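Dear colleague,

I am passing on the structure we spoke about, together with some notes on what I found when going through it. Please look it over before you read on.

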Amino acid sequence: MPQQGTMHFMSIEVAEQEYLLLHPDASFTGIMQGIQQISTRNATSKTQDEPTVVLFSHNHLHDLESLWWVAVWMVFYNHLSKSKQSDECLSTDIRDVDHQLGLARTLFPPILESSRCQNGFPLSFTKRCEGLPSNKKVICGYLEGLRQILVKHYLAIESTFPQFINLSTSKDDIYDDFRTAFIDSRQQYSDFVLAFIPDVKHNLKRARAESTNDTRVITKRR
């Protein structure tokens, strides 16, 4: 049974207590120029104290990312059935259930490994979605859109680091984006029935065992 709790829904930066989404597309030349500028500034500031270090602090994007992780958990750890968008029914093949459980554990490892969660947010989310049942594609599309919006706002507020974090560059429209995505997905998928994947796996195994046992009893009686 996977561990459940708020640790799985933490923003990756809050879990690590540091800023992690700093200039992911920066060139080597740009990075070296930044290092040289800091070195020059430090060398010419002999009479001044050490440069102020911007300590990590929680902000509103971290709360929104936590909400995003909760939604991702629902999609990956539950089978969604009876949708108007798909005739796909709950799988009775334990291999399919095992596969989805494996995908869920790559993003939410049973023993929390922050490095895997870090990769899941900026890098591997869309790749993991490709292995999910087809009736989840649209919902994953909503979540991918929100992920891109979050990354965009993270980059905006952290672009001035290490001098400071400029929260004012993250506009309130990000709340509207989240509200719209969740309202739209709820309207389109209001008839979904959630079945917790570990429970589905347990029930399938038990059903197989009972079926096998019944066969043996019949055979003995004959």
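Among the contacts between residues at least 6 apart in sequence, 83% join residues that are at least 24 apart. Please keep in mind throughout that this is a predicted model.

As for the secondary structure, the protein comes to eight helices and two strands, and reading along the sequence one meets these in the pattern α-α-α-β-α-α-α-α-β-α. Of its 222 residues, 34% count as buried, while the area that the protein exposes is about 13800 Å², with 54% of this supplied by carbon and sulfur atoms.

The element I looked at in detail is helix α7, which runs over residues 173-188 and so has 16 residues by the usual assignment; from its first C-alpha to its last it reaches 23 Å, which is close to the 22 Å expected at 1.5 Å a residue. Within α7, the residues I174, F178, A181 and S185 are buried, and because these four cover an arc of only 65 degrees around the axis, they lie on the same side of the helix. R186 and Q187, by contrast, are exposed on the other side of α7.

Which helices help to cover the buried residues of α7? The cover includes α3, at residues 60-77, and α6, at residues 137-158, so that is where I would turn the view when following the buried side of α7, with contact taken as heavy atoms within 4.5 Å.

With best regards

Methods
Residues numbered from 1 in each chain as written. Predicted model: local features only at pLDDT ≥ 70, side-chain atom pairs only at ≥ 80, totals over all residues. Heavy atoms only, no water. Expected span 1.5 Å × (residues − 1). Buried < 20%, exposed > 50% of the residue type's maximum accessible area, 1.4 Å probe, protein only. Arc of directions from axis to C-beta. Areas by Shrake-Rupley, 256 points an atom, 1.4 Å probe, with all protein chains shown as cover.
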